Amino acid sequence: LQETSRIDDILSALLSFSRPTELKKEKHNLLDTLEESLELISFQAKTQKIQIIRDFSVSRLSIRGDKSQLKQLFLNIFLNAVQAMPNGGELKAEVFLKEDQKVLIAVSDTGEGIPEENLDRIFDPFFTTKKGGTGLGLSICYNIVKSHNGEIEVKSKAHCGTTALIVLPLI
């Protein structure tokens, strides 16, 4: 049953990558979407002794976007961070308003980091260094961000953690 579930997850990821769904852009509070995504990984983080730190400088951020896809984006980023810290650590989600009607979401972890030689390939479909990974998570993230007229960048240093930087337009 576990393997069937895993295969189902892989097929779902393949389908969402190869056949992008139609965007349902609606106005909503981006902070709610971030909180919902953090809540989904909170149990796993707690069992792995990972401290989640929220640093939201505002209480409301109105964005026009597909809430389901944005939730998937943040969930993928948070799960990557949790998986990079099997022995505990710190996951930090920060939100910054930019001057040009955009928001910067920075997600940092104190995990294993990404070797420099792999950084240029992390958004490539099917590229993975994880045992049992599909290599689709960050490709899907990239497509979601681009479909929302945003930008995504990942900074990392091996054994020193990783930071994902996501910029999205506000209403």
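## Salt bridges, loops and buried sites

Glu-94 has a relative accessible area of 15%, which means that it is buried, since the class takes residues under 20%. The model described here is predicted. Despite being buried, Glu-94 has a salt-bridge partner: its side chain meets that of Lys-92, with 3.8 Å from N to O. Lys-92 is partly exposed, at 27% relative accessibility. Elsewhere, Glu-36, Lys-67 and Lys-71 are joined into one network by salt bridges that share partners.

**Overall architecture**

The chain has 171 residues, and 40% of them count as buried. It contains five helices and seven strands, which follow one another along the sequence as α-β-α-β-β-α-β-β-α-α-β-β. Contacts are dominated by long sequence separations: of those between residues at least 6 apart in sequence, 73% join residues at least 24 apart. About 10000 Å² of the chain is exposed, and carbon and sulfur atoms supply 50% of this area.

**Salt bridges**

In total, the structure holds four salt bridges. One of them pairs Arg-54 with Glu-35, where the closest N and O atoms lie 2.9 Å apart. This pair links distant parts of the chain, 19 residues apart: Arg-54 belongs to strand β2 (residues 50-56) and Glu-35 to helix α2 (residues 30-47).

Another salt bridge is formed between the side chains of Glu-36 and Lys-67, at 3.2 Å from N to O. Glu-36 is in helix α2 and Lys-67 in helix α3 (residues 67-83), so this bridge ties together parts separated by 31 residues in sequence. Helix α2 thus contributes Glu-35 to the bridge with strand β2 and Glu-36 to the bridge with helix α3.

The table gives the accessibility of residues in these two pairs.

| Residue | Relative accessible area | Class |
|---|---|---|
| Arg-54 | 38% | partly exposed |
| Glu-35 | 30% | partly exposed |
| Glu-36 | 30% | partly exposed |
| Lys-67 | 30% | partly exposed |

**Strand β4 and the loop after it**

Which residues surround Val-95, leaving aside its neighbours within four places in sequence? Val-95 lies in strand β4 (residues 89-97) and is buried, with a relative accessible area of 1%. Its contacts are Leu-31, Leu-34, Asp-55, Phe-56, Ser-57, Leu-61, Val-103, Leu-104 and Ile-105. Leu-61, one of these partners, is 34 residues away from Val-95 in sequence, with 9.6 Å between the C-alpha atoms.

The loop between β4 and β5 (102-109) contains Gln-101. Gln-101 has a phi near 60°, a positive value in a residue other than glycine. Unlike the buried Val-95, Gln-101 counts as exposed, at 51% relative accessibility.

**Helix α5 and the loop to β6**

Helix α5 covers residues 137-147, and its buried residues are Leu-138, Ser-139, Ile-140, Cys-141, Ile-144 and Val-145. In an α-helix there are 3.6 residues a turn, so residues three or four places apart point the same way.

Two residues of the loop between α5 and β6 can be set side by side. Are Asn-149 and Gly-150 buried or exposed? Asn-149, which lies in this loop, is exposed at 58% relative accessibility. Its phi is near 60°, again a positive value in a residue other than glycine. Gly-150, also in the loop between α5 and β6, is buried with a relative accessible area of 7%.

Not counting residues up to four places away in sequence, Gly-150 touches Val-145, Val-167, Leu-168 and Pro-169. Val-145 is among the buried residues of helix α5. Pro-169 is 19 residues from Gly-150 along the chain, and their C-alpha atoms are separated by 6.6 Å.

**A negative surface patch**

Strand β6 (residues 151-156) includes Glu-151, which is partly exposed at 45% relative accessibility. Glu-151 also takes part in a negative surface patch, together with Glu-99, Asp-100 and Glu-153.

Note on methods
Residues numbered from 1 in each chain as written. Predicted model: local features only at pLDDT ≥ 70, side-chain atom pairs only at ≥ 80, totals over all residues. Heavy atoms only, no water. Patch = residues over 30% accessible without salt bridge, like charges linked within 9 Å, V, L, I, M, F, W, Y side chains within 5 Å. Areas by Shrake-Rupley, 256 points an atom, 1.4 Å probe, with all protein chains shown as cover. Lys, Arg positive; Asp, Glu negative; His and termini not counted. Charge placed at Lys NZ, Arg CZ, Asp CG, Glu CD. Helix = DSSP H or I, 4+ residues; strand = E, 2+ residues; numbered from the N terminus. Buried < 20%, exposed > 50% of the residue type's maximum accessible area, 1.4 Å probe, protein only. Contact = heavy atoms within 4.5 Å.
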